[in-house]
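The following exercises ask you to work from the sequence and the coordinates, taking one feature at a time and checking each step before moving to the next.

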Amino acid sequence: MKAALLGVALLALVGAGVLVAAREAQPQRVLRVCADPNNLPFSNEAGEGFENRLAELVADELDARVEYTWWAQRRGFIRNTLRAGTCDVVMGIPSSFELALATRPYYRSTYVFVYRSDAPFEVRSFDDSILRDVRIGVPIIGDDGYNPPPAHALGSRGIVGNVAGYLVYGDYRQPNPPTRLIEAVASGEIDVAVAWGPLAGWAAQQQPIPLEIVPVSPQVDLPFLPFVFDISLGVRREDTALRDELEQVLVRRQADVDALLTEYGVPRVDAHAGATE
């Protein structure tokens with residue numbers, strides 16, 4: 001009897017060892033992410049952006065490791081990365097984006113006015129008369145009509161002569177080129193910038209002087225020019241399984257995602273709370 005019991009115990013030990021060895025032999029899952037290597041506060045090659053941090057958070061939930069395909073985020077980014085199959089997820093796309101399948105939004109942000117805290121004026125709306133007298137900087141893409149909403153909102157009000165354009169892509173030889181727009185406010189080169197909130201919130205934190213960050217008004221300019229956007233993770237349009245899996249992670253870890261966005265100064269128009277942070 002004793003010998004039989006010893007045999008059973010040995011078999012159990014051997015079985016457990018086989019299971020452990022089998023688990024160790026399985027390759028770890030990889031979360032393949034498409035990202036810009038030079039675009040803080042969103043991402044950079046050193047992993048310092050909030051989208052880098054979010055990728056790590058999601059990968060941790062999936063028991064995976066992150067593997068990047070780096071590509072500058074400009075025209076052709078989705079075509080040359082996600083749709084080319086070199087990666088599986090983009091960490092930040094507008095939820096209505098047509099070139100990818102979006103998850104539920106994980107934050108909603110807005111364009112903002114940015115000006116020095118010691119400025120002798122306030123700006124709350126595109127209709128504020130002060131905008132006709134101050135030097136304004138806006139992001140621009142080119143001369144083909146695809147400029148971001150602030151340029152159109154100012155132009156429709158006849159505010160053009162005191163407006164300077166700052167290329168969205170900037171000088172890519174420099175670190176985080178889109179931040180030049182916010183730096184121009186801090187240096188006094190312009191008086192007011194109208195910028196995408198996540199960029200402005202983080203870039204303002206990096207300046208040597210305090211800057212005001214004010215959500216623009218209205219949120220939607222007539223007839224239909226929105227300034228507030230839901231932001232999601234994006235996968236290939238046919239990859240509903242991964243989309244569903246990522247959505248479950250976002251639901252489970254929403255509190256951690258909110259804390260991450262707060263850390264980076266992302267101004268949010270919180271859909272579930274109905275408040276701007």
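**Exercise 1. Describe how helix α2 packs against helix α7, giving the crossing angle and the residues that meet.**

Solution. The model is a predicted one, and the first step is to locate the two helices, α2 at residues 50–61 and α7 at residues 240–252, whose axes come within 10 Å and cross at roughly 105 degrees. The second step is to classify that angle: values from 65 to 115 degrees count as roughly perpendicular, and therefore α2 is roughly perpendicular to α7. The third step is to list the contact, in which Leu57, Val58 and Glu61 of α2 meet Leu246, Val249 and Arg252 of α7. Sorted by class, this contact has four nonpolar residues, two charged residues and no polar ones.

**Exercise 2. Find the disulfide in the structure and state which parts of the chain it links.**

Solution. A search of the whole structure finds one disulfide, and it joins cysteine 34 to cysteine 87 with an S to S distance of 1.7 Å. The angle about the S-S bond is 95 degrees, and the link of cysteine 34 and cysteine 87 is right-handed. Placing the two ends, one finds cysteine 34 in strand β1 (residues 29–35) and cysteine 87 in the loop between α3 (77–80) and β5, so that the pair, 53 residues apart, links distant parts of the chain.

**Exercise 3. Which residues lie nearest the centre of the largest pocket, and how does its lining divide by class?**

Solution. Begin with the space itself, which amounts to about 1800 Å³ in the largest pocket. Its lining consists of 48 residues, and those nearest the centre are Pro94, Tyr111, Ile141, Val168 and Tyr169. By class, the lining of this pocket holds 30 nonpolar, nine polar and nine charged residues. Turning to secondary structure, strand β5 (residues 89–94) gives the most to the lining, with four residues.

**Exercise 4. Identify the cis peptide bonds at proline 41 and proline 223, and the positive phi at aspartate 63.**

Solution. As background, most residues other than glycine have a negative phi, and most peptide bonds are trans. A cis peptide bond joins leucine 40 and proline 41, with omega about 15 degrees, and proline 41 sits in the loop between β2 (38–39) and β3 (43–44). Another cis bond joins leucine 222 and proline 223, with omega about 5 degrees, and proline 223 belongs to the loop between β12 (220–221) and β13 (225–226). Finally, aspartate 63, although not a glycine, has a positive phi of about 55 degrees, and this aspartate 63 lies in the loop between α2 and β4 (64–70).

Key
Residues numbered from 1 in each chain as written. Predicted model: local features only at pLDDT ≥ 70, side-chain atom pairs only at ≥ 80, totals over all residues. Heavy atoms only, no water. 1 Å grid on protein atoms, 1.4 Å probe; cavity = no way out; pocket = protein on both sides within 12 Å on 5 of 7 lines; lining within 4 Å. Points joined across faces, edges and corners; volume = space filled by probe spheres on them. Nonpolar A, V, L, I, M, F, W, Y, C, P; charged D, E, K, R; others polar. Axes fitted to C-alpha atoms, helices over the stretch in contact; angles between N-to-C directions. Parallel < 35°, antiparallel > 145°, perpendicular 65-115°, else oblique. Contact = heavy atoms within 4.5 Å. Disulfide = S-S within 2.5 Å.
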